[in-house]
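The following exercises concern strands, their pairing and the surroundings of one acidic residue. Each task is followed by a solution in steps.

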Amino acid sequence: MTPTPTPAPTPSRRTVLGGAALAALAVTATAATAAPAATAATKSRPSEVSWPTEYALPDGWLPEGIAIGSKPYAYQGSRANGGILRTDLRTGESTVLYAGGTGQVSVGLKLDHDGLLYVAGSTGVARMVDSRTGALVTTHQLVPAAGHFINDVTLLGNRAWFTDSRDAVLYGVPRGRTDGEIRALPLTGDWVQLPDVNNANGIVGTPDGRGLIVVKSTPGELYNVNLRTGHATRITLVGASDVVNGDGLYRIGRTLYVVQNRLNLISVWSLDRTATTATLTRTITDPRFDVPTTAARYGDRLYLVNARFTSPQLPETTFTAVSVPI
């Protein structure tokens, strides 16, 4: 993605198509008609009940990030105007939680246990939104908009960590509703920043909670980043040479899921004890994938939004979210 809006997708991961403030975003999306709602569902085994495995997002939503917490609700950001959509996973019915505004973008999302949504805002900003009320809590201008792309976010320790795809720096924003110092963590070690492409993209904590795993979309590499020093160690991949088009990351224990957007697949990796070697165990594909970007888990399913970067990004373009078993 570049900060300059364009009417069509580019080869980079997330394209800000700003410009069009869509009136359609204020309406309520309807559930996918293919699956009925469940009368009783539990968090642990949603696949055992008749919840939708695909649901519609509003036309022209331009989705990118998705976040799910302990309750069966998904939050999906919009690249069109920074809005956030809240979807009931039991029915597929959606409402606009946060309306966004002209020039805003919402890409990577994470939901904290206190109900705060941390939003990577692309144009140098990070936002915090109350997931219960939709109120904008805080906006942090991490860097100037020009030459930067605040892309994805993860929660680790007492900070929310944001990637900048156009600069070799991670940003740690204090969690919660109190003010605190934002930490800039330059990436060193094996990290080499490439010009004019998206570098750092998806981000998760390491299994031991002492570091961060970052995917470098171009050329498709994984790195283990030391939280104290910023030293980035390239993770050795076994079973595949790269994770090209690597986008969102999701980790369960030592199992790492890498969404490879334009390849329409999720590669599944087993991390060693130090998270410096990753062995490919399988891949997940689905005919409903249409350039999925990021993933979030509820029960035994991963939910993904289809960004459809290879299709026209217009107010009338249709979008969906889908789930796959893990």
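**Exercise 1.** With which side chain does the side chain of Asp164 make a polar contact? Then describe the surroundings of this residue in the predicted model.

*Solution.*
- Step 1. The partner is His148, whose side chain lies 2.6 Å from that of Asp164.
- Step 2. Asp164 belongs to strand S11, which covers residues 159-164.
- Step 3. A salt bridge requires a side-chain nitrogen of Lys or Arg within 4 Å of a carboxyl oxygen of Asp or Glu. For Asp164, which is buried, the nearest side chain of opposite charge is that of Arg166, 7.0 Å away, and no salt bridge is present.
- Step 4. The backbone of Arg166 must be considered separately: its nitrogen is reached by the side chain of Asp164 at 3.0 Å.
- Step 5. Beyond four places in sequence, the contacts of Asp164 include Val143, Phe149, Ile150 and Tyr171.

**Exercise 2.** Determine which strands pair with S8, and state whether its residues are buried or exposed.

*Solution.*
- Step 1. On one side, S7 (residues 116-120) is joined to S8 by five bridges in an antiparallel arrangement. Within this pairing, Ala120 has Ala126 as its bridge partner.
- Step 2. The connection between S7 and S8 is a hairpin with four residues between the strands, and Ser122 in the turn has a positive phi of about 65°.
- Step 3. S8 also pairs with S9 (residues 136-141), again antiparallel and over five bridges. Here Val125 stands opposite Gln141.
- Step 4. S8 and S9 likewise form a hairpin, with five residues between them; in its turn, Gly134 has a positive phi of about 80°.
- Step 5. In a regular strand, side chains alternate between the two faces of the sheet. In S8, Val125, Arg127 and Val129 point one way, whereas Ala126, Met128 and Asp130 point the other way.
- Step 6. Six of the six residues of S8 (residues 125-130) are buried.

**Exercise 3.** Give the strand order of the open sheet that contains S14, and explain why S14 and S15 each have one side without a neighbour.

*Solution.*
- Step 1. The sheet has five strands in the order S14-S18-S17-S16-S15, with mixed pairing.
- Step 2. S14 (188-189) and S15 (200-205) are at the edges; because each has a single partner strand, one side of each lacks a neighbour in the sheet.
- Step 3. Further inside this order, S17 (residues 221-226) and S18 (residues 231-234) run antiparallel and are joined by three bridges. Val225 has Ala232 in S18 as its bridge partner.

Note on methods:
Residues numbered from 1 in each chain as written. Predicted model: local features only at pLDDT ≥ 70, side-chain atom pairs only at ≥ 80, totals over all residues. Heavy atoms only, no water. Pairing = 2+ DSSP bridges. Helix = DSSP H or I, 4+ residues; strand = E, 2+ residues; numbered from the N terminus. Buried < 20%, exposed > 50% of the residue type's maximum accessible area, 1.4 Å probe, protein only. Lys, Arg positive; Asp, Glu negative; His and termini not counted. Polar contact = N/O pair within 3.5 Å; in protein donor to acceptor, adjacent residues only side chain to side chain. Contact = heavy atoms within 4.5 Å.
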